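Here are my notes from going through the model, written up as numbered points. Have the viewer open while you read.

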Amino acid sequence: RGTPERDYNDVRKLCEKFKLNLIQVNIEPVIENYMKILPEAPTGVRGNLKSRTRMTILYYYANLNGGLVVGTTNLTEYITGYYTKFGDGGCDLEPIINLTKTEVRAAAKAMGIPESIITKPPTAGLWEGQTDESEMGLTYDDIDKSIDYFRSNGKFGNDDVSLKVRSMYEKNAHKRGMPLSPGEEKVR
């Protein structure tokens, strides 16, 4: 629900270009059933539930076909923590995790990905009208400049964007490692 038709069209174009099979699963009935047994929640909490439901279905098909789930988190999302723990952040490998959003766009262009995909506002599609940049309050271009500074200098800058990116990085540190159990640090 709430996914624009142009997104479906973009996926179809991509599948045709790379000769991929498309399996479309409507997760709305699953979400509706969850909401029958769970209390009402803010939009972001419900969005995370959708992300985790998507990942469950991806693992279902990976297990069914002896495959792996390939993640889509890029460096910009990884640094800021802009992904759902055990949702889109749950996968077996992350091939673009060392590329900023700017670098992902350049790679996509070089690969011949349709321009409609490269230039549209990034969104997780978790609710109608949601975009990554509006939710984060920063543009990917500005975040990537801050990350480039960090890569070059080993620390974040002192400008407003860099301070916000550093705050997001610190706040979401829990997403970037496996959970520890009491006493486990002695085992590792």
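## Notes on the model

1. Before anything else: this is a predicted model. Every distance and angle below is computed from its atoms, so to speak, as deposited in the prediction.2. Start with helix α9, which runs over residues 160-171. Its 12 residues should span 16 Å at 1.5 Å a residue, and the end C-alpha atoms are indeed 16 Å apart, so expectation and model agree.

3. Which residues of α9 are buried? They are Val-161, Ser-162, Val-165 and Met-168. These residues cover an arc of only 125° around the axis, which puts them on the same side of α9. Turn to the face pointing away from that buried side and you find the exposed residues Asp-160, Glu-170 and Lys-171.

4. As for what sits over the buried residues of α9, the cover includes α4 (75-80), α7 (132-136) and α8 (140-153). Met-168 is a good residue to click on here: leaving out residues up to four places away in sequence, Met-168 touches Ile-79, Thr-80, Met-136 and Leu-138.

5. Helix α8 can be read in much the same manner. The helix has 14 residues, and from first C-alpha to last it reaches 20 Å, close to the 20 Å expected at 1.5 Å a residue. Buried in α8 are Tyr-140, Ile-143, Asp-144, Ser-146 and Ile-147. Looking down the axis of α8, the buried residues fall within an arc of 160°, so they line one face of the helix. Lys-145 and Ser-152 are exposed on the other side of α8.

6. What do the buried residues of α8 pack against? Their partners are α4, α5 (101-110), α7 and α9. Just past the helix, Gly-154 follows α8 with a positive phi, near 75°.

7. Now the largest nonpolar core, which has 12 residues in all. Its members are Leu-75, Ile-79, Tyr-82, Met-136, Leu-138, Tyr-140, Ile-143, Ile-147, Phe-156, Val-161, Val-165 and Met-168. At least two residues of this core come from each of α4, α8 and α9. As background, nonpolar side chains tend to be buried together in soluble globular proteins.

8. Lys-120 is worth a look for its polar partners. Lys-120 lies in the loop between α6 (115-119) and α7. Its side chain makes a polar contact of 2.7 Å with the side chain of Asp-7, and another of 2.9 Å with the side chain of Asp-10. Setting aside neighbours within four places in sequence, Lys-120 is in contact with Asp-7 and Asp-10.

9. Two residues other than glycine deserve a check on the backbone plot. Lys-19 has a positive phi, near 55°, and is placed in the loop between α1 (5-17) and α2 (28-37). Lys-19 counts as exposed because its relative accessibility is 73%. Phe-86 also has a positive phi, near 65°, and is found in the loop between α4 and α5. With a relative accessible area of 54%, Phe-86 is exposed too, given that the cut-off is over 50%.

10. How many disulfides does the model have? The count is 0. Cys-15 is in no disulfide, and its nearest cysteine sulfur, in Cys-91, is 19 Å away. Seen from the other end, the sulfur of Cys-91 has that of Cys-15 as its closest cysteine sulfur, and 19 Å is too far for a bond, since a disulfide needs the two sulfur atoms within 2.5 Å. Cys-15 itself counts as buried, at 13% relative accessibility.

11. Last one: Leu-93, which lies in the loop between α4 and α5. Leu-93 is partly exposed, with a relative accessible area of 35%. Apart from neighbours within four places in sequence, Leu-93 is in contact with Leu-68, Val-69, Val-70 and Gly-71. Leu-93 and Ala-107 are 14 residues apart in sequence, and their C-alpha atoms are 18 Å apart in space.

Technical notes
Residues numbered from 1 in each chain as written. Predicted model: local features only at pLDDT ≥ 70, side-chain atom pairs only at ≥ 80, totals over all residues. Heavy atoms only, no water. Helix = DSSP H or I, 4+ residues; strand = E, 2+ residues; numbered from the N terminus. Expected span 1.5 Å × (residues − 1). Buried < 20%, exposed > 50% of the residue type's maximum accessible area, 1.4 Å probe, protein only. Arc of directions from axis to C-beta. Contact = heavy atoms within 4.5 Å. Polar contact = N/O pair within 3.5 Å; in protein donor to acceptor, adjacent residues only side chain to side chain. Core = buried A, V, L, I, M, F, W, Y, C linked by side-chain atoms within 4.5 Å.
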